[in-house]
Amino acid sequence: MSGSFRLAEGGRIDRDRPVAFRFEGRDYQGCAGDTLASALLANGVHQVGTGIRHGRPRGIASAGAEEPSALVQIVKPFPEPMLTATTVELRDGLEAHGLPGQGRLAADPDPARYDAMHAHCDVLVVGAGPAGLSAALAAARAGARVVVADADTEFGGGLLGSGELLDHAPAADWVRRVTAELARGPDVRLLPRTTVFGHYDGNYLVALEDRGPDALTRQRTWHIRAREAVLATGAHERPLVFADNDRPGTMPAGAARTYLHRYGVVAGRRAVVFTTDDGAYPAALDLWGAGAEIAAVVDARPEAPPFWARRCAEARIPVLPGHAVVGTSGEEHVTAAHIAAFDPDSGTIGAADPQACDLLLVSGGWNPAVHLYSQAGGPVAFDGAAGAFLPAGSVPGVHPAGAASGLRTTAQCLSSGAVAGVQAASRLGLEAAAAPRPETDAHPVPKGRPLWRVPDPDTEAPGARQFVDLARDATVADIGRAVGAGLTSVEHIKRFTTVGTGHDQGKTSGTLSTGIIAELLGTDPSEVGTTTFRAPYTPVAFAALAGRERGDLYDPVRVTAMHDWHVGHGAPFENVGQWKRPWYYPRRGEDMEAAVLRECRAVRTGVGMQDVSTLGKIDVQGPDAAAFLDLVYTNMMSTLKVGRIRYGLMCTADGMVFDDGTVMRTGENRYLLTTTSGNAAHVLEHLEDWLQTEWTHLRVHLTSVTEQWATIALAGPRSREVLARVAAGIDLDNAEFPFMSWRNGAVAGRRARVCRISFSGELAFEVNVPWWHGRHVWEALYEAGGPFGITPYGTETMHVLRAEKGFPIVGQDTDGTVTPQDLGMGWAVSRKKADFIGRRSFSRPDTARTDRKQLVGLIPAAGEGVLPEGTQLVETRVLPEPPVPMLGHVTSSYRSAVLGTPFALALVRGGRDRIGQTVYGHVGDRLVPVEITDPVFYDKEGARRDG
Amino acid sequence: MTADLYGASPLAARADALARHSAPEGVQGVRIAEVPFTAQVALRVDPRGGAAERIGTALGAALPGRPGQVARTDRVLVLGLGPDEWLVVGSEGTAPELQDTLTAALDGAHGAVVDVSAHRTIVRVSGPKARDLLNTGCALDLHPRVFGADQCAQTLLARAAVILLCRETDPADFWVFVRASYARYLADWLIDATEFDG
């Protein structure tokens, strides 16, 4: 039985290279060059799966990407859900089974690699059929940079499956010659197995290349920017709608012709051909020539085309004009077509006569594949003669060609492709000429007459078995219900019936449903229109879109110069934006809480060190630098003296806290700002925005220097002694080097800038050295601090220490709705300055409300643990009936070594007036009493900062 | 002495891995290596003023008039990054003298001269497959006729902001300037990208 539908010769498969595969648990053999569909047909297998709603057997209904029903799940070589059998290349060891309309993702992770490639070209040709190849040839000969992408495994498009002659030789010879010439071009890139699935603004097209299991990357996403795009995307044959038109063994006539010429497969032994278009006749004759019996050509039109009727008569093929197939028999495979007399004008049918067959070929005309053209913004218009939507109007730089523009013969396609190629090249200023067109078979231009549906002899449930969309199991009856419910828009009907929403995006059903809707509404298809042609043209796996941006490469990881030291000392890391910051440094046997308490104690009583290189740093220069900073900070910066540092607060125009940091005056016209780690890029953009759009008169330049400097914080009462050991040249005395000032000098033999800044309230220094010295100076300070028990600490300890001092963290204790006054930082808002960003908002009644949420401290009642951050605060010991009035919430919460108690910061409505009161934190199902306190818990006088 | 003076470059820890994933000299493929410790000075100045002219004279090459253009002398490369923004690149250790030269030529005019030598490191990507490798993560057209020798661009490579400089076209030789904190990510990404078949 195996291979019994395969011809002894012919086709583009390699009979000397048999390919073993498994389908539905049975072993079969195909040939190299087969698709899974052609190999199944060669073995007489038509049914692939079942329909998604009704479970009816479903077969192979095309020979390409438009396939609506032959869905398979690939098991081997790697699991893939929901592919179409018509586009799966047959490979040794392939194992697959059919699907009931939908697949499932494999449970195993996908081990394959996927990647991306950006490409640019003068002319992108999509589709390598007669039109596409002619266009590519014209453009390449004119010297253009050309990319040709085609979904198939080899170039040729429709020529591969038609058995036509070009220049009196098989068309494949011409394809081979043209492809070889293109391949020799220095600036031509040929991409077979590549489906262009999206066409975006400015001729940016995205394609998916299937590179197969042997390639290093299984699939590649191509991002192609083309100056000109030739869309030679071909056309899809339209099925006909009649009762039981979904039985396996029913397929478009052109598909059967492709299986014959491309794969050497005769899809059946006795065929009925049902058509309303001349294009089905050559298919019938070709199959007859290959030995199949043609029971009848049933033509729904009153007259058969004379040219083809004559040919059929010569072959003794009965032609039945004015007839239709009105139904079929057979369950897993069609066994008979029910033929009846039919008058397309009145819509009347006669009595049905079953005609035995194992293959039912249908042809309702052709739909140009206008998907990309439409995505590019090209309008499409209904053409009554073609019964299809064709490209209309024009889009600059986009050239539909060949069957995609509604042409029907090979000669027309060759010519239009050449014209498109010449036009594209000419628009680029290249001199181009079309090559002489190869000579083609002398056939008349095929004509058709649109037929949207055949009357249903079933008067009980008319249309219920007339399938419009095989992928969605949507019928004429379903569309009738939608129209009956009052829907008139094709978009609404699509959503109501799900027509066109399957994996195939309605490639074969779209125009049909428009035609049927028009009939039911009594209007013209041009009035109904089409649904939107959305990308992707064919399904694309998320893995292919993700490419290599997965795992460790999912997003950049930013590290400091001291990163490896932190790793070596066992620090877990906290993500701050894209930065990895050491969180804490646990010693053997320590948990996080123990490590953080130890680190906090070290800073409060001895000395600690922290890597703070991640702080954003911006150099500000220019004669108007001082004026500029007065405008962007809420407090005054122009009065800062060279050599000194000031804390600065930035607000957005709405008066809400945006960022904070320090401002260091490094020269008369020069400052260095620091920003929070995660916000550095935003701050620079914010400053450039104001500078470039609002204050263009200010002479100021901003330069990011974040990674120029590695920065080490040295904090604690012993920090001066540690620094003195490696910075002998810098006078560290309080009088000479006061708090909030900076000095240049050598630290551990490296040029450094040392600042007296404290984020812990303790005596502290920040040592800045060029990034590549960071590790050396860090280690030198660590060594110098050895005798003092220097303790490296991470972000958690930093958070605890600053919270003990009531220093807010922008983004943690603020959320874009908090003013400086809410934070109790009114002291940082200048009353002298005429203007600064946010100033006007402080006179709004809302920012002056006394019941705004304000930053306060919280101490939980004795015996209670650390409050979870985010805990909601309420007024009463017992929850009242909802809605419960909320006072605010906990923004930061820790255990404190120095206070001996858990503590927290919170934003509380009218909080400052509530200091001393007890409120309740809602923790789990309990209400925990907490006392509201001043947010500064430790060293309120600031006595410790000078050591 | 130099190694001691310059400490550790951002990709010192990736040097072996980059070498392992580079094709040997002369082989069709791609080589990836760090070019550490170059002097880099950011320059901002009005291109129409006398200061720009004085700087051009002092450097021995006029400041490139358009972003993307690069001027080359024996001592420096001057990358045009914006209408009034350049990056002056010199050999290791020359940052102080470059700053002095530029500051002197500014002569008090409004401008900015900032040492950013340590801010970015350079990854050299060279060899016949260099363009394909870069184009797996860079959207620019790197064709020699479009992005030739002595052209530069600020762009994205993978997800890192970089300055891309074409040194030579045949065989292709690119310098990728990347911020120090992103350098390892970019090196890891490039190593991963060498496992491709262009």
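This report describes the nonpolar cores, the chain contacts and some backbone features of a predicted model.

Residues are numbered from 1 along each chain as its sequence is written, and chains are lettered from A in the order in which they are written. In this predicted model, local features need pLDDT of at least 70, side-chain atom pairs count only at pLDDT 80 or more, and totals for chains, interfaces and linings use all residues.

The largest nonpolar core (buried Ala, Val, Leu, Ile, Met, Phe, Trp, Tyr and Cys residues joined through C-beta atoms within 7 Å) has 173 residues. A residue is buried if 20 or more other C-beta atoms, placed from the backbone, lie within 10 Å of its own. L714(A), V41(B), L79(B), V176(B) and L186(B) touch the most other members. Helix α6 (residues 183–193) of chain B gives the most to this core, with seven residues; helices are DSSP runs of H or I with at least four residues, and strands are runs of E with at least two. A second, separate core of 100 residues includes A85(A) and F467(A).

Between the chains, 36 residues of chain A are in contact (C-beta atoms, placed from the backbone, within 7 Å) with 34 residues of chain B. Strand β8(A) gives the most to the chain A side, with six residues.

Two cis peptide bonds are listed below.

| Bond | Omega |
|---|---|
| K76(A) to P77(A) | about 5° |
| D170(B) to P171(B) | near -5° |

P77(A) lies in the loop between β5 (71–76) and β6 (80–84) of chain A. Phi is positive in D244(A), near 60°, and D244(A) counts as buried because it has 22 C-beta neighbours inside 10 Å.

Methods. Buried ≥ 20, exposed ≤ 12 C-beta atoms within 10 Å, placed from the backbone. Contact = placed C-beta atoms within 7 Å.
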